Amino acid sequence: MAGRFAPRPTRTTVRGGHVAVGAGVPRQAAGPGRVRDWVPDGPLDLGLVLGPLRRGPGDPTFRAMPDGSVWRASRTPAGPGTLRVCAYGGGVRGEAWGPGAGWLLERLPELLGAADDPSAFVPRHRLLAMTRHRRPGLRLTRSGLVLESLIPSILEQKVTTDEAYRAWRLLVRKYGEPAPGPVPGRMCVMPAPRTWALIPSWEWHRAGVDNKRASTILRAVRVAARLEEAVGMEPGAARARLEVVPGIGPWTSAETVQRSHGAADEVTVGDLHLPGIVGWALAGDRDADDAVMLELLEPYAGQRHRAARLILLSGRVPGRRAPKMPRGDIGLL
């Protein structure tokens with residue numbers, strides 16, 4: 001669920017916040033990157049837009065720099081590519097490297113929310129009106145890549161975010177390839193579908209990934225081309241295609257299309273915390289379930305995901321009544 005908490009001004013928060021190597025694969029020499037300038041038609045906050053694509057503070061595919069720029073390493077249909085995005089004045093500059101550079105720059109506007117329409121959202125609660133006023137630069141990203149959002153979403157099934165982020169970090173660093181270009185630090189492009197399929201069972205175990213999630217990923221990468229085709233479908237049809245794969249349910253498909261399609265109405269159901277947060281924010285009901293959450297979000301039909309993100313960014317969450325879910329690590333067993 002993207003954008004769970006309100007961001008701090010001095011760092012990038014996880015899952016939708018705000019921006020204040022594969023072994024044996026040599027890193028290519030950094031040459032001059034390809035450049036594209038683009039001017040958005042309204043306010044744009046790079047951190048709020050791109051934050052949901054970041055999977056934890058140690059994500060090897062994502063870097064948020066002190067100068068406000070954001071780096072992403074992606075496996076595009078044209079090959080690996082690295083994209084650096086920075087805001088200047090009223091515009092945005094994208095610079096890209098690698099075989100996928102052209103693909104990344106061509107889709108830069110959509111990545112930054114050009115296909116999104118924030119004006120379609122009409123707040124019906126004071127909390128959402130105030131949060132939207134404070135976050136005018138929020139737009140919904142459309143990455144155009146299914147697998148890079150699907151695999152980490154599968155890793156997040158039924159475990160703490162810390163466990164999922166650790167698994168993603170370890171697997172991408174070990175089996176991915178170095179990101180092209182003059183990247184900051186050790187950035188990697190996620191593994192190709194065939195590489196995911198060849199990861200030994202003990203390496204999944206060492207990364208803390210149980211057999212159920214590992215098997216789901218293996219089933220998904222076997223039909224990777226068919227799943228990537230879903231990016232050309234409407235979000236509902238795309239979710240239906242994803243859910244054909246055993247182990248991918250409504251929670252995982254929603255988390256995926258929110259990022260790959262910029263789906264403004266695909267709200268996450270089956271989440272441990274979101275119903276209580278939405279219920280508390282809109283009705284003072286911390287015990288709300290999915291049915292109550294969907295009923296409360298009904299006035300925002302067509303924009304329910306945006307409404308949920310604004311609620312999460314508002315910081316209005318119920319106080320904790322029980323200990324945090326214990327973190328497990330099957331790699332130690």
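The second largest pocket of this predicted model has a volume of about 290 Å³. Of the 17 residues that line this pocket, those closest to its centre are R75, T76, P77, L145 and E228. Three elements, β3, α5 and α10 (residues 224-228), each contribute at least two residues to the lining. By class, the lining of the pocket comprises eight nonpolar, three polar and six charged residues. Two of the contributing elements, strand β3 and helix α5, return below in the description of the largest cavity.

It is convenient to turn next to the strands. Strand β3 spans residues 70-76 and runs antiparallel to β4, to which seven bridges join it. Within this pairing, V70 faces V85 of β4. The two strands make up a hairpin, with two residues between them. On its other pairing, β4 meets strand β5 (residues 91-97), again in the antiparallel sense and over seven bridges. Here T82 is the residue that stands opposite W97 of β5. The hairpin of β4 and β5 also has two residues between its strands, and in it G89 adopts a positive phi near 55°. Strand β4 thus pairs with β3 and with β5. Eight of the ten residues of β4 (residues 79-88) are buried, so the strand is largely enclosed by the rest of the structure.

The enclosed spaces of the model deserve a look of their own. Rolling a probe the size of a water molecule over the atoms shows where empty space is left. The largest cavity has a volume of about 110 Å³. It is lined by 14 residues, and L53, T61, R72, E148 and W168 are the closest to its centre. The elements giving two or more residues to this lining are β3 and α5 (residues 147-155). Strand β3 provides the largest share, with four residues. In terms of chemical class, the lining of the largest cavity divides into five nonpolar, three polar and six charged residues.

The second largest cavity holds about 60 Å³ of space. Its lining is made up of R72, L83, W103, L104, R107, L111, R142, S143 and L145. Five of these lining residues are nonpolar, one is polar and three are charged. R72 is a residue that links the two descriptions: it is among those closest to the centre of the largest cavity, and it also lines the second largest cavity. L145 plays a comparable part in the account, as it lines the second largest cavity and is among the residues closest to the centre of the second largest pocket.

Another residue of the second largest cavity, S143, merits a closer view. S143 is placed in the loop between α4 (residues 126-134) and α5. With a relative accessibility of 5%, S143 counts as buried, the cut-off being under 20%. A polar atom of the S143 side chain lies 3.2 Å from the backbone nitrogen of L145. Beyond its neighbours within four places in sequence, S143 is in contact with L53, W103, L111, E148, S149, R259 and S260. Several of these partners appear in the cavity linings: W103 and L111 belong to the lining of the second largest cavity, while L53 and E148 are among the residues closest to the centre of the largest cavity.

Helix α5 follows this loop. Nine of its nine residues are buried, so α5 is largely enclosed by the rest of the structure. Among these buried residues are L147, E148, P152 and L155. I154, likewise a residue of helix α5, is buried with a relative accessible area of 0%. Leaving aside neighbours within four places in sequence, the contacts of I154 are with R213, T216, I217, I248 and T252. The C-alpha atoms of I154 and T256 are separated by 9.3 Å, although these residues are 102 residues apart along the chain.

Past the helix, the picture changes at K158, which is found in the loop between α5 and α6 (residues 161-175). K158 is exposed, with a relative accessible area of 76%, whereas I154 in the preceding helix is buried. The backbone of K158 is also worth a glance. Most residues other than glycine have a negative phi. K158, although not a glycine, has a positive phi of about 60°.

Terms used: Residues are numbered from 1 along each chain as its sequence is written. This is a predicted model: local features need pLDDT of at least 70, side-chain atom pairs count only at pLDDT 80 or more; totals for chains, interfaces and linings use all residues. Side-chain values use heavy atoms; hydrogens and water are left out. Buried means under 20% relative accessible area, exposed over 50%, partly exposed in between (1.4 Å probe, protein chains only). Two strands pair if DSSP finds at least two bridges between them. On a 1 Å grid over the protein atoms alone, a cavity is a set of points where a 1.4 Å probe fits but cannot get out, and a pocket is an open set with protein on both sides within 12 Å along at least five of seven lines; lining residues have an atom within 4 Å of a point. Grid points are joined across faces, edges and corners, and a volume is the space filled by probe spheres set on the points. Ala, Val, Leu, Ile, Met, Phe, Trp, Tyr, Cys and Pro count as nonpolar, Asp, Glu, Lys and Arg as charged, and the others, Gly among them, as polar. A polar contact is a pair of N or O atoms within 3.5 Å; within protein, one must be able to donate a hydrogen and the other to accept it, and residues adjacent in sequence count only if both atoms are side-chain atoms. Contact means heavy atoms within 4.5 Å.
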